[in-house]
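Thank you all for making the time this morning. I would like to walk you through one structure, and I will try to say what each term means as we come to it.

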Amino acid sequence: MKKTLLGIGLMAMACFANAQAPSAAQVTWPGESDIIYDKPDGEDVTDVIGKNFSLIYDSGNLYMQQTYNGIASYVKGADGNLYVLNPIPGYRSNSYLKLEPVGDGRYVAHTPQAIDYDEGDMIYVMRMAVSYDGGSAQVLPDVKEDGTVDTDIYFTYSEGVLRQQRAEGETFGNPKALLGIVLRGGTFLGTGVSELTVMPSPYHLTTLPEGLTPKPYGFDYTTRQNEKLSAQAEVAIDGNTAYISDPENPGKGYWIKGSYADGRIVVEPQYVGADESWGLHYFLVPGKLRQAEDGTHLDLADKIELTFDEAAGTITSADDCLYAITADITGGKLLEAYFHPTYSRVDLKPAVPAAPEFYDVGSYSPSFGREVKFNLPSKDVDGNPISANRLSYRVYMGPESVYTFTTDKYVKLQQPMSLVFYNFSDDYDFPLAYGDYHRFYLYEENVDGLGIQSVYTVDGVTNESGITWWMAATGIGRTDAATAPVRTEYFDLQGRSVSSPQGGLYVVKSTMPDGSVVTRKQVVR
């Protein structure tokens, strides 16, 4: 799996114990070839959201949270089956769980089903049982009275709503059977889901009116860690309506909509889009900082007012204003915050772009190639902002050899590519960029040197940076303090911070010096 992404949730608690059940040995465990990575033939259903009860294990406790607005999709297979993509919230395997019809609108998932292969370990989805004994909870394979293991989870499907059926004796919020993430043999990896439901989405993206062309802006803000960062943005005015690119995922084409009059842009709470790094649909809710005797508080507000000076090309906010990125329209789950947002229009003119900087070039794997991590600055050589929409990069395998990404190695590409745009992503070999932080996977085993060059084109004039080289003999970015993470955090698969990871599956979030964020999955034993 190339990219593992965070979920979000919070908690009702019980003490927890986990062990491998001997009876799990009687279960048939599929192999790597059984993982359904390719989309099955049929109707792709994507305009849906998910809700569920997520259960995760951390530091000896079992936590549970009902989650709404999850990212979801499934395929109504031509073979009559249903295929649910990424069935466990927070664990993005990019594979499908197969549900087979049993009649009367009911379907069954026969488990265990293989959904991922990670660093030598097969990862499965399996029916697991939750039992309680004096306040202590166990999550183990579901053994029936006759000693056999119950491995089936049933669903109903009616009027576009797919719903996991409750097991016998279950009540709302008190699960006894769940779909859990396990290793071969039934060892629970600390996360599972019950009452999984996928339903039509009530939300709609904001789109630009046809023919409206946005202008590039630099975006400056302060983070929750009091870091002052910059990013790219776009702004468009259409009569009494203003459109500002989404700060959370600027490369995905999401927009914030506000009213505009007399040099003022007013932004109210609104749906924005889907963020796969959290596994959720998300919202922008205005906020204000409030000083009190016990410290600074973040209060949600019904609007934020921005001042637009068209002549100067600036959009400013009051010092105490912020954008809160939340998991629901009420602001109940804070995902991110952008304090004191300000914008400055980018002067579109030819410029020489700053050279890229390598973070790391990973070791080669026959399955995944090697991961290349680098910074593609959206600035010129003098440090001035330039338009990311006109910025690209080339990869070199030798001083005169421009590398071409071909369709035989890069299966998501429609045609060969030797110039890669700043915002390009295929969600596979070219993951979505986080600001200037970029990644791609290189399917070449023998690499002595690798070069990257920035390319910037405005008004038909193309300027190139120098080529930054990584040499296999020395490496770049592995011990350089300038490219090492400035902060490393561990999260469970529900997005909760974990200070001391114990046995289970975690997401490691590394914040780089430029403010970009790198996420990866780690199994802690």
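Let me begin with the vocabulary of secondary structure: helices (H or I, at least four residues) and strands (E, at least two) are DSSP runs, numbered from the N terminus. On that basis, the protein chain comes to 0 helices and 39 strands. Please keep in mind that this is a predicted model, in which local features need pLDDT of at least 70 and side-chain atom pairs count only at pLDDT 80 or more, while totals for chains, interfaces and linings use all residues. Residues are numbered from 1 along each chain as its sequence is written, and side-chain values use heavy atoms, with hydrogens and water left out.

Now the chain as a whole. Of its 525 residues, 54% are buried, where buried means under 20% relative accessible area, exposed over 50%, and partly exposed in between, with a 1.4 Å probe and protein chains only. Taking contact to mean heavy atoms within 4.5 Å, we find that, among contacts between residues at least 6 apart in sequence, 61% join residues at least 24 apart.

What does the interior hold? A nonpolar core here is a set of buried Ala, Val, Leu, Ile, Met, Phe, Trp, Tyr and Cys residues joined through side-chain atoms within 4.5 Å. The largest such core has 30 residues, and those with the most contacts inside it are I265, L306, I315, Y323 and Y343. A second, separate core of 29 residues includes F358, Y403, V420 and F440. To return to I265, if we leave aside its neighbours within four places in sequence, the residues in contact with I265 include I237, I244, Y260, L306 and I315.

Next, consider strand β21, residues 280-292, remembering that two strands pair if DSSP finds at least two bridges between them. Strand β20 (residues 270-275) pairs with β21 in the antiparallel sense over 5 bridges, and A274 stands opposite H281 in β21. The hairpin of β20 and β21 has 4 residues between the strands, and in this hairpin G279 takes a positive phi near 70 degrees. β21 also pairs in the antiparallel sense with strand β25 (residues 321-326), over 6 bridges, with A324 in β25 as the bridge partner of V285. Finally, β21 and strand β22 (residues 295-300) run antiparallel and are joined by 6 bridges, one of which can be followed through K288 and its bridge partner D299 in β22; these two strands form a hairpin with 2 residues between them.

Which side chains make polar contacts with D116? D116 lies in strand β7 (residues 113-118), and it counts as buried because its relative accessibility is 0%. A polar contact is a pair of N or O atoms within 3.5 Å; within protein, one must be able to donate a hydrogen and the other to accept it, and residues adjacent in sequence count only if both atoms are side-chain atoms. The side chain of D116 makes one such contact with the side chain of Y37, at 3.3 Å, and another with the side chain of Y91, at 2.7 Å.

I will close with the aromatic rings. Rings of Phe, Tyr and Trp (its six-membered ring) pair if their centres lie within 6.5 Å, and planes under 30 degrees apart count as stacked, over 60 as edge-to-face and the rest as tilted. The whole structure contains 25 aromatic pairs. The rings of Y393 and F440 have centres 6.3 Å apart and planes at 20 degrees, so this pair is stacked.
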